Amino acid sequence: MDGKKRTRYSALIATLALAVMAGCTNAGEKAQPASQSAATSGTSASPAQPDGQAEKEPVTLKLTSDNALFMSTLAPGAQSDPVMEEIRKKTGVTLELDTQTDDKKFNLMLAGGDLPDIIVLQNSPKYLKQIIEGNQVIPLDDLIAEHGQSILKESPSKIEISKKFFSNGTGKLYAIPGIASQKGPQFKYGNHTYNIRWDYYKELGFPAVNNLDDFLNLLAEMQKKHPKNEQGQPVYGMAPLFDWGLVPYEMFDRLFNRINKNNLFVYLEPGTFKPAGGILDPNVAYWEGTKFYRKANEMGLLDPDSFTQKYENFTEKVKSGRVLLSPWKWAGVDEANAALAKEDPLKGWEPLPVPSGQTVYLGEFGTNGFSNRLIMISKNSKHPDRAMELIDFLQSFEGSRLIQNGIQGKDWDVVDGKPQWKQETLDAQKSDPNFAQTTGIGLYWNLAGFVDNYPDPEYGLPINYTNTPDVWKNQMTELDKDYSGHYGVSYPGELVEKRVQAGEIKTIYYDMDNELGTDASMPDDIKRIETKVTDYLVRMAPKLIYASSDKEYDSIQATMMDELKKMDAQRAVDYWMTNMTKASETYAQLKK
């Protein structure tokens with residue numbers, strides 16, 4: 001963002017801050033639930049407990065979401081890691097977590113009116129209208145005035161945006177959008193890409209990979225050299241997480257300069273985020289992806305358990321050497337590298353450079369938070385004030401520092417005016433396969449107000465204090481050094497940056513502010529069509545992937561296209577084309 005734009009946007013935030021603070025001096029329409037605990041009334045507006053002050057009366061609150069929010073290795077219930085314990089000390093709240101990986105349990109709770117204290121809503125177009133109109137959540141206007149001073153001070157634009165876009169037209173504050181972030185350099189660019197065993201690639205002499213066919217041939221050569229792991233179990237080239245619906249196909253847009261949205265119903269142009277095509281296009285992600293996986297299966301590369309495995313099964317395969325590709329470094333790769341380094345420091349996983357002409361997808365970013373991380377308080381909460389205080393802490397810069405970096409004085413400290421992780425923390429991150437679970441650092445990323453490269457105003461650095469090239473260069477493993485040395489760069493991510501500068505590849509990303517112009521709630525008829533079409537695509541994927549020939553694949557695809565038209569898929573595509581066009585226009589105005 002250039003200086004002129006930054007100045008105008010800063011002025012807007014300042015204006016919003018004054019408006020929010022003025023509006024909060026008056027009582028709103030929300031009445032406190034009669035069941036609010038008398039013991040918690042009159043508590044301080046600030047959730048943090050200064051040194052020497054008695055802790056608040058302890059309460060237990062429960063949190064859920066409509067989809068996977070935490071690592072599946074987390075057991076449901078209260079957590080005992082140091083970060084969560086520090087959150088408890090600061091707020092007096094013991095937080096019990098739901099760790100389900102889909103929306104089945106959420107739908108049951110919603111239907112029965114049994115939502116717990118705090119909800120992190122991810123699929124807002126599907127659920128927001130239903131939750132608000134069904135009085136399943138409470139307005140936060142009065143609560144935030146008394147118990148949300150950090151949010152009022154640090155995130156005034158989030159509040160105004162939430163009232164405008166996430167209130168179902170009521171103008172009230174129902175949700176706080178979390179995980180505000182900004183685009184920035186990355187250590188490895190290791191997500192949404194080809195993470196492979198670097199030692200196996202080196203063993204083969206670094207063969208050139210210029211397209212998807214070359215990549216399959218590379219995996220086949222690796223599999224030929226390493227048909228079984230050390231335990232004698234078969235090794236496969238890939239084990240896509242088909243349990244995650246249409247997620248395994250997303251990379252086939254993202255690698256080819258397209259941003260997929262809305263269950264692949266449409267894809268967007270990078271930069272403008274204007275819609276450019278949809279699911280009935282024969283060459284978009286779902287169709288290209290199923291063709292790729294069909295060829296992989298034909299070559300003996302596809303794990304036969306791919307359609308039945310769960311996330312924890314996949315990550316275990318990565319860690320035990322039973323699979324040769326992981327699209328995300330957080331899906332077993334980091335843990336595998338820590339374990340393999342103890343055996344041989346030059347064994348492990350690194351991202352294969354994408355072929356020239358392909359794109360590196362950086363991820364999603366949003367300076368005003370994410371519409372798919374809306375934090376809300378249930379009408380069932382007996383302690384809405386304490387829930388608000390907890391949310392205020394988690395969404396603050398103080399809470400975000402804790403979530404991203406651990407405990408000051410123990411895990412990190414300020415040296416010469418700059419925050420930095422302690423050496424023992426950095427060493428543990430490199431060597432402990434269970435670092436996140438052991439320390440809690442990064443484990444609750446989805447609950448933070450600010451993440452990754454969002455600037456910490458106190459120090460002028462990214463809120464994740466390890467997100468700097470100086471740290472990366474000093475903390476590389478022997479494997480990272482081997483990778484970087486081969487490509488002549490000072491850290492792995494620098495390879496991507498140099499190739500972008502040379503015009504070999506591009507990077508693309510999605511700005512979550514583009515979501516602000518979309519319909520807050522999907523019409524019921526479009527919901528039904530989308531659900532029916534999505535279920536059909538998921539159900540038919542095995543037939544496409546296990547097709548015995550290209551001819552059989554083409555025949556199944558043609559039949560499916562006819563069926564999709566009968567399901568009114570075009571109507572849903574038209575809806576999203578119109579909706580995302582409107583969103584891109586709102587986005588363009590917002591960024592002026």
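In this predicted model, the axes of helix α21 (residues 524-545) and helix α23 (residues 569-590) come within 9 Å of each other and cross at roughly 120 degrees. Angles over 145 degrees count as roughly antiparallel and those from 65 to 115 degrees as roughly perpendicular, with the range between them classed as oblique, and α21 and α23 are therefore oblique to each other. The crossing of these two helices is left-handed. On the side of α21, the contact is made by Asp 525, Ile 526, Ile 529, Glu 530 and Val 533, while α23 contributes Ala 569, Arg 571, Ala 572, Tyr 575 and Trp 576. Sorted by class, the residues of this contact comprise 7 nonpolar and 3 charged, with no polar residue.

Helix α21 also packs against helix α11 (residues 285-298), at an angle of about 40 degrees and with the two axes 8 Å apart. This angle makes α11 oblique to α21. Here the crossing is right-handed. The residues of α11 that take part are Tyr 286, Trp 287, Thr 290, Tyr 293, Arg 294 and Asn 297, and they meet Leu 537, Met 540, Ala 541, Leu 544 and Ile 545 of α21. The contact of α11 with α21 is made up of 8 nonpolar, 2 polar and 1 charged residues.

Attention then turns to the enclosed spaces in the model. Rolling a probe the size of a water molecule over the atoms shows where empty space is left. The count comes to 5 cavities of 30 Å³ or more, and the largest of them has a volume of about 170 Å³. This largest cavity is lined by 16 residues, of which Pro 248, Met 251, Tyr 293, Pro 327 and Trp 328 lie nearest its centre. The elements that give two or more residues to this lining are α10 (251-254) and β10 (326-328), and β10 provides the largest share, with 3 residues. By class, the lining of the largest cavity has 12 nonpolar, 2 polar and 2 charged residues. Tyr 293, which lies among the residues nearest the centre of this cavity, also belongs to the contact of α11 with α21.

The second largest cavity has a volume of about 110 Å³, and its lining consists of 14 residues, with Pro 351, Leu 352, Pro 353, Val 354 and Val 496 nearest the centre. Helix α20 (residues 492-501) gives the most to this lining, namely 4 residues. The residues lining the second largest cavity divide into 11 nonpolar, 1 polar and 2 charged.

Notes: Residues numbered from 1 in each chain as written. Predicted model: local features only at pLDDT ≥ 70, side-chain atom pairs only at ≥ 80, totals over all residues. Heavy atoms only, no water. 1 Å grid on protein atoms, 1.4 Å probe; cavity = no way out; pocket = protein on both sides within 12 Å on 5 of 7 lines; lining within 4 Å. Points joined across faces, edges and corners; volume = space filled by probe spheres on them. Nonpolar A, V, L, I, M, F, W, Y, C, P; charged D, E, K, R; others polar. Axes fitted to C-alpha atoms, helices over the stretch in contact; angles between N-to-C directions. Parallel < 35°, antiparallel > 145°, perpendicular 65-115°, else oblique. Left-handed = near helix turned anticlockwise from the far one by under 90°. Contact = heavy atoms within 4.5 Å.
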